[in-house]
Amino acid sequence: MDDESGVVGALNTREQAILAMERQGWPGPGAKERAIRERLGLAPVRYYQLLNALLDDQRALAHDPVTVNRLRRVREARRGER
């Protein structure tokens, strides 16, 4: 269903799980990568590819604007460092 923002449909279960992983705090990089493999059954590289695509998806922004906007700021800051 379309609304004024141009958002069509909802995120699937895996997309929602990726955003939920990003809402969590992690004690270190190893713990997050282990959770990605165990909970989502994804290689970390694939997870980050899917996450990056989600950051440009209006459905993700509608689902979790705080997380998506935070991650967009982080991504832009990293691009600015290059």
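A helix here is a DSSP run of H or I that is at least four residues long, and helices are numbered from the N terminus. With that in hand, we can place a first residue: Arg59 belongs to helix α4. We will come back to Arg59 after a look at the whole chain. Please keep in mind that this is a predicted model.

## The overall picture

The protein has five helices and zero strands. Reading from the N terminus, its elements follow the order α-α-α-α-α. Along the principal axes, the C-alpha atoms fill a box of roughly 40 × 30 × 20 Å. Of the 82 residues in the protein, 33% are buried. Among contacts with a separation of 6 or more, 44% are between residues 24 or more positions apart.

## Two helices that cross

Let us look at one pair of helices. Two packed helices are described by the angle between their axes and the distance between the axes. Here, helix α1 (residues 13–23) and helix α3 (residues 44–55) have axes that come within 10 Å and cross at roughly 95°. Angles of 65 to 115 degrees count as roughly perpendicular, so α1 is roughly perpendicular to α3.

Which residues of α1 and α3 meet? On the α1 side they are Arg14, Glu15, Ile18, Leu19, Met21 and Glu22, and on the α3 side Tyr47, Tyr48, Leu50, Leu51 and Leu54. The residues of this contact of α1 with α3 include eight nonpolar, no polar and three charged ones.

## Tyr48, a residue of α3

Tyr48 is one of the residues in that contact, and its place is in helix α3. Is Tyr48 buried, partly exposed or exposed? Its relative accessibility is 33%, so Tyr48 counts as partly exposed. Computed along the sequence, Tyr48 and Ile18 are 30 residues apart, yet in space their C-alpha atoms are 9.1 Å apart.

Leaving aside residues up to four places away in sequence, Tyr48 touches Glu22, Lys32, Glu33 and Ile36. With Glu33 there is also a polar contact of 3.2 Å between the two side chains.

## Charged pairs

Glu22 and Lys32, both touched by Tyr48, lead us to the salt bridges. Side chains of opposite charge can pair when their charged atoms come close. The count for this model comes to six salt bridges. Here are three of them:

| Salt bridge | Closest N to O distance |
|---|---|
| Glu22 and Lys32 | 2.7 Å |
| Arg75 and Asp56 | 2.7 Å |
| Asp57 and Arg59 | 2.7 Å |

Take the pair of Glu22 and Lys32, whose side chains meet in a salt bridge. Glu22 lies in helix α1 and Lys32 in helix α2 (residues 29–40), so the pair ties together parts that are ten residues apart in sequence. Buried means under 20% relative accessible area. Glu22, with a relative accessible area of 8%, is therefore buried, and Lys32 counts as buried too, at 13% relative accessibility.

The next pair is the salt bridge of Arg75 with Asp56. Arg75 lies in helix α5 (residues 65–81), while Asp56 sits in the loop between α3 and α4 (58–63), so this pair ties together parts that are 19 residues apart in sequence. Arg75 has 13% relative accessibility, so it counts as buried.

In the third pair, Asp57 forms a salt bridge with Arg59, and both residues are buried. Salt bridges that share partners join Glu15, Asp57 and Arg59 into one network.

## Back to Arg59

Now we can return to Arg59 in helix α4. Which side chain makes a polar contact of 3.2 Å with the side chain of Arg59? The partner is Glu15. Arg59 also reaches a backbone atom: a polar atom of its side chain lies 2.9 Å from the backbone oxygen of Ala10. Arg59 and Ala10 are 49 residues apart along the chain, and their C-alpha atoms are separated by 6.2 Å.

## Thr67 in α5

Our last stop is Thr67, which is found in helix α5. Is Thr67 buried or exposed? Thr67 has a relative accessible area of 4%, so it is buried. Its side chain makes a polar contact of 2.9 Å with the side chain of Asp64. Not counting residues up to four places away in sequence, Thr67 touches Leu19, Glu22 and Arg23. Two of these names are familiar: Leu19 and Glu22 are also among the α1 residues that meet α3.

Note on methods:
Residues numbered from 1 in each chain as written. Predicted model: local features only at pLDDT ≥ 70, side-chain atom pairs only at ≥ 80, totals over all residues. Heavy atoms only, no water. Axes fitted to C-alpha atoms, helices over the stretch in contact; angles between N-to-C directions. Helix = DSSP H or I, 4+ residues; strand = E, 2+ residues; numbered from the N terminus. Parallel < 35°, antiparallel > 145°, perpendicular 65-115°, else oblique. Contact = heavy atoms within 4.5 Å. Nonpolar A, V, L, I, M, F, W, Y, C, P; charged D, E, K, R; others polar. Buried < 20%, exposed > 50% of the residue type's maximum accessible area, 1.4 Å probe, protein only. Polar contact = N/O pair within 3.5 Å; in protein donor to acceptor, adjacent residues only side chain to side chain. Salt bridge = Lys/Arg side-chain N within 4 Å of Asp/Glu carboxyl O.
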